[in-house]
Amino acid sequence: MTNDTSANSTGVITSAIQPSSSSSSAAATSATAATAGTTTEQANTTPVFVPKSKSTVVVKPSQRGNPLLQFIKNVPYEYGEIVPDFIVGLTSCILYLSIRYHRLHPEYIYNRISTLGKTFVLRVLLVLVDVEMHQQAIRELTRVAMLNNLTLVCAWSNEEAARYIETYKAYENKAPDAIKERISNDYISKLTDCLTQIQSINKTDVVTLASTFGSFKNIMNAPADELGVLPGFGERKVKRLLEAFDQPFAIDPKKRRQRRR
């Protein structure tokens with residue numbers, strides 16, 4: 001096992017955690033040599049498949065027989081000659097990998113990432129966790145995903161993996177507000193949302209502060225000794241609360257210039 005981060009000949013930034021067995025190393029070496037001629041430019045010029053409908057998930061033909069397909073029921077899908085395994089939007093794609101298969105063919109995902117190149121804005125690596133001893137493989141794939149601009153999503157069953165694919169497609173054109181937290185307009189809800197932005201302050205603490213001091217103004221003006229006697233408020237929590245109130249909203253331009261120097 002090595003601890004060096006490097007780019008292999010396929011152009012993929014490899015993980016610091018690589019398979020250490022001789023058979024895995026030999027397989028990875030032969031696969032790397034076979035794909036040495038693949039370049040990012042070639043991947044970027046791959047023709048884009050145009051689906052029959054904008055509402056369909058495009059599936060790579062090599063995924064025929066994948067058990068998760070039988071669980072995709074809420075969105076239609078069709079097969080098309082594409083580079084990733086699934087296309088779930090104009091700029092979104094998914095590479096699919098099971099850990100069991102990754103153990104048998106450790107070079108596979110590196111070649112797939114190399115072929116994908118830098119296409120697509122949202123690039124998801126959907127991993128099916130189908131073995132018990134999965135920790136090392138997930139650590140490796142996490143690092144590979146981070147270094148190659150991929151979002152790692154782990155599913156523990158074919159049903160769950162299918163739900164992720166459906167959700168990505170269903171939310172393709174949804175506004176960000178659809179998944180944002182909804183805050184009520186009442187005073188205590190707004191106060192809770194404000195104060196819980198401070199590290200270690202939770203909703204119970206907000207109720208304690210509101211019931212003791214009554215208003216946000218009184219909370220801000222409360223001295224440290226009064227805050228320290230409240231239940232759940234230790235020295236560190238009181239310090240963080242007061243620091244949040246004492247920090248300026250905007251940095252003085254003169255101090256900003258001094259910091260840059």
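The protein chain holds twelve helices and six strands. Both kinds of element are DSSP runs, helices being H or I over at least four residues and strands E over at least two, numbered from the N terminus. This is a predicted model, in which local features need pLDDT of at least 70, side-chain atom pairs count only at pLDDT 80 or more, and totals for chains, interfaces and linings use all residues. Residues are numbered from 1 along each chain as its sequence is written, and side-chain values use heavy atoms, with hydrogens and water left out.

Of the 261 residues of the protein chain, 37% count as buried. Buried means under 20% relative accessible area, exposed means over 50%, and partly exposed lies in between, with a 1.4 Å probe and protein chains only. Among contacts between residues at least 6 apart in sequence, 62% join residues at least 24 apart. Contact means heavy atoms within 4.5 Å.

Start with the sheet. Its six strands form an open sheet in the order 2-1-3-4-5-6, with mixed pairing. Strand 2 (77-79) and strand 6 (151-155) stand at the edges with a single partner strand each, so one side of each has no neighbour in the sheet. From one strand to the next, the twist averages 25 degrees. Two strands count as paired if DSSP finds at least two bridges between them. Strands of a sheet pair through backbone hydrogen bonds, either parallel or antiparallel.

Now cross the sheet strand by strand. Strand 1 and strand 3 are antiparallel and share two bridges. Val 58 stands opposite Ile 87 in strand 3. Ile 87 in turn stands opposite Cys 93 in strand 4. Strand 3 and strand 4 are antiparallel too, with three bridges between them. One of the partner pairs is Phe 86 with Ile 94 of strand 4. A hairpin of two residues links strand 3 to strand 4. On the other side, strand 4 (residues 92-98) runs parallel to strand 5 (residues 122-128), and seven bridges join them. Ser 92 has Leu 122 of strand 5 as its bridge partner, and Leu 97 has Val 127.

Strand 4 deserves a longer look. Seven of its seven residues are buried. In a regular strand the side chains alternate between the two faces of the sheet. Here Ser 92, Ile 94, Tyr 96 and Ser 98 point one way, while Cys 93, Leu 95 and Leu 97 point the other way.

Two helices are placed against these strands. Helix 4 (residues 108-116) lies across strand 4 and strand 5, at about 165 degrees to strand 4. Helix 6 (residues 158-170) packs on the sheet and touches strand 1 (57-59), strand 3 (86-89), strand 4, strand 5 and strand 6. The direction of helix 6 makes about 140 degrees with that of strand 6. Such angles run from 0 to 180 degrees between N-to-C directions, and the axes are lines fitted to C-alpha atoms, for helices over the stretch in contact.

Next, the cores. A nonpolar core is a set of buried Ala, Val, Leu, Ile, Met, Phe, Trp, Tyr and Cys residues joined through side-chain atoms within 4.5 Å. The largest has 19 residues, and Leu 95, Ile 99, Ile 109, Ile 113, Leu 125 and Leu 141 have the most contacts inside it. Strand 4, helix 4, strand 5 and helix 5 (135-147) each give two or more residues to this core. Helix 5 gives the most, with five residues. Apart from this core lies another, of 18 residues, among them Val 59, Ile 94, Tyr 96 and Leu 128.

Two leucines of strand 4 show the packing residue by residue. Beyond its neighbours within four places in sequence, Leu 95 contacts residues including Ile 109, Ile 113, Leu 116 and Leu 125. Leu 97 is buried because its relative accessibility is 1%. With residues up to four places away set aside, Leu 97 touches residues including His 102, Tyr 108, Ile 109 and Leu 141. Leu 97 and Leu 128 are 31 residues apart in sequence, yet 6.2 Å apart in space, C-alpha to C-alpha.

Finally, turn to a helix pair. Helix 7 (residues 187-195) and helix 8 (residues 203-213) pack at an angle of about 120 degrees, with axes 9 Å apart. The two helices are therefore oblique to each other. Angles under 35 degrees count as roughly parallel, over 145 as roughly antiparallel, 65 to 115 as roughly perpendicular, and the rest as oblique. Helix 7 contributes Ile 188, Leu 191, Thr 192 and Leu 195 to the contact, and helix 8 contributes Lys 203, Val 206, Leu 209 and Ala 210.
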